[in-house]
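Here are some notes on the model you sent, set out point by point so that they can be read beside the sequence and the coordinates.

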Amino acid sequence: MGKITLYHGSNHIIKVPLLEIGKKNNDYGQGLYCTKDLELAKEWACKQNSDGFVNVYSFGMENLKILNLNDNDKSILNWIAVLLKNRTFNLNTDYAKMAREYLIDNFYIDTADFDVVMGYRADDSYFNYAESFVANGLPVKSLAKALKLGKLGEQIALVSEEAFEKIEFIKAIPVDKNVYFPKFNTRDKKARKQYKEELSVKLLENDDIFVMDIIRQGMKNDDPRLR
């Protein structure tokens with residue numbers, strides 16, 4: 001595999017990315033979070049309604065261990081379990097606390113074993129989906145469908161020193177908040193609307209699987225009902 005171009009949206013220029021300065025409670029742990037989509041990176045650079053930059057990098061993935069949470073051999077529960085391990089969820093009920101423990105025990109993939117992690121970005125909208133699922137308010141199929149249709153984007157996270165050794169800064173592109181903050185808001189609102197539509201429809205059906213069904217039936221990572 002040759003080199004690819006990665007984009008990192010930020011409020012400042014990052015010529016020398018360092019693993020240790022990344023936030024530890026990010027989606028997949030400490031690391032540098034990028035995308036292959038320039039337009040998404042521009043939106044993420046202005047998500048706080050301020051001008052920003054897209055840092056452009058060249059990245060070589062040869063000989064690196066890569067975890068793609070969107071691969072066909074993974075389920076959306078692997079993504080949820082990784083989030084539960086790294087992010088802070090509102091666990092307001094005993095059901096939610098039980099769900100967190102069960103999902104981590106049975107679906108978590110240790111990102112420390114990899115150099116690069118790829119998967120959905122848990123912006124506020126996506127994180128709402130995840131919290132609703134853990135609280136038994138959103139079924140599996142609706143969760144997977146809403147994440148795809150929301151089009152909030154996939155991210156590539158560099159999570160090891162080996163990965164950081166293979167990234168090279170190319171340039172920084174200034175981004176105007178007046179153009180890209182409205183785009184970020186529009187994408188987020190569309191995802192929230194999709195979530196509400198899925199929730200209202202699926203709560204009227206009884207053929208889907210909620211997290212309590214997974215726990216009661218002892219479903220594991222290889223259960224075909226979760227694919």
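How many bridges join β4 to strand β5, and do the two run parallel or antiparallel?

1. Before turning to that question, please keep in mind that this is a predicted model. Three bridges join β4 to β5, the strand made of residues 116-120, and the two strands run parallel. Within β5, valine 117 is the residue that stands opposite leucine 67.

2. The wider setting is an open sheet of four strands, arranged in the order β2-β6-β5-β4 with mixed pairing. Its edges are formed by β2 and by β4 (66-68), each of which pairs on one side only, and the twist from one strand to the next averages 20°.

3. The largest pocket holds about 1100 Å³ of space and is lined by 34 residues, with His8, Lys23, Asn26, Lys47 and Arg121 lying nearest its centre. Two or more lining residues come from each of β1 (3-10), β2 (32-34), α1 (38-45) and α7 (177-202), so that the edge strand β2 also has a part in this lining. By residue class, the lining of the largest pocket comprises 12 nonpolar, 13 polar and nine charged residues.

4. In the second largest pocket there is about 350 Å³ of space, and of its 16 lining residues Lys74, Ser75, Ile76, Ala144 and Lys148 are the closest to the centre. Both α2 (76-86) and α5 (140-150) supply at least two residues of this lining, the largest share, four residues, coming from α5. The lining of the second largest pocket divides into seven nonpolar, three polar and six charged residues.

Key:
Residues are numbered from 1 along each chain as its sequence is written. This is a predicted model: local features need pLDDT of at least 70, side-chain atom pairs count only at pLDDT 80 or more; totals for chains, interfaces and linings use all residues. Side-chain values use heavy atoms; hydrogens and water are left out. On a 1 Å grid over the protein atoms alone, a cavity is a set of points where a 1.4 Å probe fits but cannot get out, and a pocket is an open set with protein on both sides within 12 Å along at least five of seven lines; lining residues have an atom within 4 Å of a point. Grid points are joined across faces, edges and corners, and a volume is the space filled by probe spheres set on the points. Ala, Val, Leu, Ile, Met, Phe, Trp, Tyr, Cys and Pro count as nonpolar, Asp, Glu, Lys and Arg as charged, and the others, Gly among them, as polar. Two strands pair if DSSP finds at least two bridges between them. Axes are lines fitted to C-alpha atoms, for helices over the stretch in contact, and angles run from 0 to 180 degrees between N-to-C directions.
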